[in-house]
2 protein chains.
Amino acid sequence: MDIGKYVYDLAVEAKAGARALAKAPSSRKNLALVKMAEALKDRASELVSENKKDIEYAAKKGLSKALIDRLTLNEKRIDEMSQGLVEVAQLPDPVGEITKMWQRPNGMSVGRMRVPIGVIGIIYESRPNVTADATSLCLKAGNAVILRGGSEAINSNKAIVSILRDVARGQGLHPGAVTFIGIPDREAIMEMLKLEGIVDLIIPRGGEGLIRTVTENSRIPVLKHYKGVCHVFVDRDADPAMAEEICFNAKVQRPGTCNAMETMLVDEPISKSFLPKMLKRYEGAGVAVRGCPKAVAIYANAAEVKEEDYYREYLDLVLNVRIVADMDEAIEHIAKYSSAHTDSIVTMNYERAMRFLKEVDSSAVLVNASTRLNDGYQFGLGAEIGISTDKIHARGPMGLEELTCTKFIVFGSGQLRE
Amino acid sequence: MDIGKYVYDLAVEAKAGARALAKAPSSRKNLALVKMAEALKDRASELVSENKKDIEYAAKKGLSKALIDRLTLNEKRIDEMSQGLVEVAQLPDPVGEITKMWQRPNGMSVGRMRVPIGVIGIIYESRPNVTADATSLCLKAGNAVILRGGSEAINSNKAIVSILRDVARGQGLHPGAVTFIGIPDREAIMEMLKLEGIVDLIIPRGGEGLIRTVTENSRIPVLKHYKGVCHVFVDRDADPAMAEEICFNAKVQRPGTCNAMETMLVDEPISKSFLPKMLKRYEGAGVAVRGCPKAVAIYANAAEVKEEDYYREYLDLVLNVRIVADMDEAIEHIAKYSSAHTDSIVTMNYERAMRFLKEVDSSAVLVNASTRLNDGYQFGLGAEIGISTDKIHARGPMGLEELTCTKFIVFGSGQLRE
């Protein structure tokens, strides 16, 4: 099989799909999404039986229980996937919005109109629900999608895509709006990453290794985050009770997520009053603490942190604790070790809150709130296709607007260049 | 010499410069720009004498007169360069602007704050004034710049950079804010393009070959346009006098620019009334016409256009003319051959104007105005660092705002993730 040709042909179909979709009115896109949601529920048994093939194969290959769980589709998960499509249908359509329009001295009006990006390649790993989630967001924003899921979920993904495409066709949308790389070869990804001029954007979702491979090999713009090494700085003027709740929530509420805290920075003047109670509470929740020498002196149960630990995303109930001399040291620490994903300060001091907000350069900087809140739904974007720590195009949670770009439009009456 | 190390060290200096510059208040940046403008004028004789070295070398190498002209710095050009810096100083500072802020049901305020991108690499060709122009825009938007000019202008560029850095230091800015790759080896560009994580954005300006090389080799996001293959479609309901002026201006006013028209599309029903007079006027201005068979039948002086001509950016007094059956054919032609830079329709028909505006997917789409108006100054952005035909981050003329990104900021009062 000529993998290069296979992927190229798919991308050309997607490009035709994108051109057609860019013209589709909201009402048609929304109806298609609702019908897709219904079809996923109606054909749930088909999905479950295709999913079984993936699970059996995964079990045979000896994949971990956690991975098999992530892979599994059951009625509840299919319902949630279906509900997600309905919610995206209900969001406002970003396409066609004129974000600004102004008048020039020569009488012409110049404005910016939001338009779809075109063809978006989504590369992801095991969870099959991403197939429907990513499709719904791309489609709503007028983009064709090329899906490339993990090989371990290939039967499930094929079944989902087949349902989505059936509906797309039935609703008069170009089937190229939803395309799927149905071969497991890694070469297919590499071929897609060369298709500059046909594919407009790549969004990889998954482990750091996958994302680095994609970024290093792509000629197409990539939006991504490698990892989330997030910090909370407890300032000397923090409300201690609030600081405790925020630090507990940021670490414990769901430690396996990219916006969970990995390092807690504590201002020296309050370290002796704040840390013992806080660390006791962590202990009760099973958090293993790795402390700087000063922290270990306060809390003997802590292991000693190594410098490389400060770069690590544990995704687990493990926490670095460092006592810093002042906010300058905290900001320096974050500038050096943070992945620029999410960093928070807890303080009642106005001046330091404002300085932290300004000087910390991360996709989201919070005052007196848990890092776990950096999320498209929590921030009110309606939905998210991922979080970007890039500085180009989109930074932080990416919703529907981030799946569009703008073009300049001009209403003239015969204006010329003098 | 270890070129990799040389470029790496420069980039690290630029990154330090960027961190410092991000905190600099507008007043300091503006004062530095004004002082730079003064210093360029005060030290004009130094610039002219360094520039002479480049010109002599270029003459010895047998470079074309046009290229030597582009290379030349004289008092008038130094004045213009200086004036450009003063104008950028007068523009509003985009950094720190909160573009939007909203309230969430849990009481936290979420907003987007405009921040600098960081370190921007500018790769350009012969004109030394780009050195000062690009520096001023990057610096105003809080970014450190790594400049890499054409080897034929290396003495001129070094002299300009040395003046700019002297002023930066004197004004208390980190000298890493303005850095310059002072070796002519092409390898230096390749080394810079690998520095993901240190350099945040690359903007190449110059010929298509240079830009393709940069894009294919960069792991860092690139903003660029390859070329400008721009169209004017003269609709059957155009005002003939307006259409004539717009088409003449778009081709003749300055044919060597990226937003000059390369192909004129004429709606068949008016082709016989519109074309003879129009083409006669072009003839008077020395425009060589390449026409489709129907156009050649009307205007015998036209050569026959070949299909590959429709992809060409002539940058010269050469024009393709094609008669199309209707607007559908015009839109199809543009979708196929346009470089998605600038496309214009001339019409008094409301419905077709709106449809063209919506369906043509270019960085700027104009109704009843010359393509030559797609420009940062003309559109009111104050200045431009280039035009992008990309769909990610910036599309169309790029001004100061396009040299920033946004981060999310949150004002909380103890909010947690439930």
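Strand β16 (residues 404–415) of chain A pairs with β13(B) in the parallel sense, over five bridges, and within this pairing A:Val410 stands opposite B:Leu366 of β13(B). The model in which this pairing between chains appears is a predicted one, and every value below is computed from it.

**The contact between the chains**

Taken as a whole, the contact involves 57 residues of chain B and 56 residues of chain A. On the side of chain B that touches chain A, at least two residues each are supplied by α1 (3–23), β2 (109–116), α9 (208–217), α10 (240–252), α14 (350–359), β13 (364–369) and β16 (404–415) of chain B. Among these elements, β16(B) gives the largest share of that side, with 11 residues. Sorted by character, the residues on this side of chain B comprise 26 that are nonpolar, 18 that are polar and 13 that are charged.

The relation between the copies is described by a turn of 180° with a shift of 0.0 Å along the axis, which lays chain B on chain A with an RMSD of 0.0 Å; the two copies are thus related as by a two-fold rotation axis. In chain B, the C-alpha nearest this axis belongs to B:His393 and lies 1.8 Å from it. Of the interface residues of chain B, 96% are also interface residues in chain A, so the copies meet through the same surface.

**The fold of chain A**

Chain A contains 15 helices and 16 strands. Its radius of gyration is 24 Å, close to the 22 Å that the globule rule gives for 418 residues, so chain A is as compact as a globular protein of that length. The C-alpha trace of chain A spans about 70 × 65 × 35 Å along its principal axes, and buried residues make up 51% of the 418 residues in the chain. Among the contacts in chain A with a separation of 6 or more, 71% are accounted for by residues 24 or more positions apart.

**A parallel sheet of four strands**

In chain B, four strands form an open sheet in the order β5-β4-β3-β6, with parallel pairing. The edges are held by β5 (178–180) and β6 (201–204) of chain B, each of which has a single partner strand, so one side of each is left without a neighbour in the sheet. On average, and with direction ignored, neighbouring strands of this sheet are turned by 20° against each other. Helix α7 (residues 154–170) of chain B lies across β4 (144–148) and β5 of chain B and runs at about 155° to β5(B).

In chain A, strand β3 (residues 119–123) is mostly covered, since five of its five residues are buried. A:Val119, A:Gly121 and A:Ile123 point one way from β3(A), whereas A:Ile120 and A:Ile122 point the other way, and all are buried.

The strand pairings described in this report, together with those made by β3 in each chain, are collected here.

| Strand pair | Sense | Bridges | Residues opposite each other |
|---|---|---|---|
| β16(A) and β13(B) | parallel | five bridges | A:Val410 and B:Leu366 |
| β3(B) and β6(B) | parallel | four bridges | B:Gly121 and B:Ile202 |
| β3(A) and β4(A) | parallel | five bridges | A:Val119 and A:Ala144 |

As general background to the table, strands of a sheet pair through backbone hydrogen bonds, either parallel or antiparallel.

Conventions: Residues numbered from 1 in each chain as written. Chains lettered and ligands numbered in written order. Predicted model: local features only at pLDDT ≥ 70, side-chain atom pairs only at ≥ 80, totals over all residues. Contact = placed C-beta atoms within 7 Å. Nonpolar A, V, L, I, M, F, W, Y, C, P; charged D, E, K, R; others polar. Pairing = 2+ DSSP bridges. Least-squares fit on C-alpha atoms with pLDDT ≥ 70 in both. Rg over C-alpha atoms; globule rule 2.2 N^0.38 Å. Buried ≥ 20, exposed ≤ 12 C-beta atoms within 10 Å, placed from the backbone. Axes fitted to C-alpha atoms, helices over the stretch in contact; angles between N-to-C directions.
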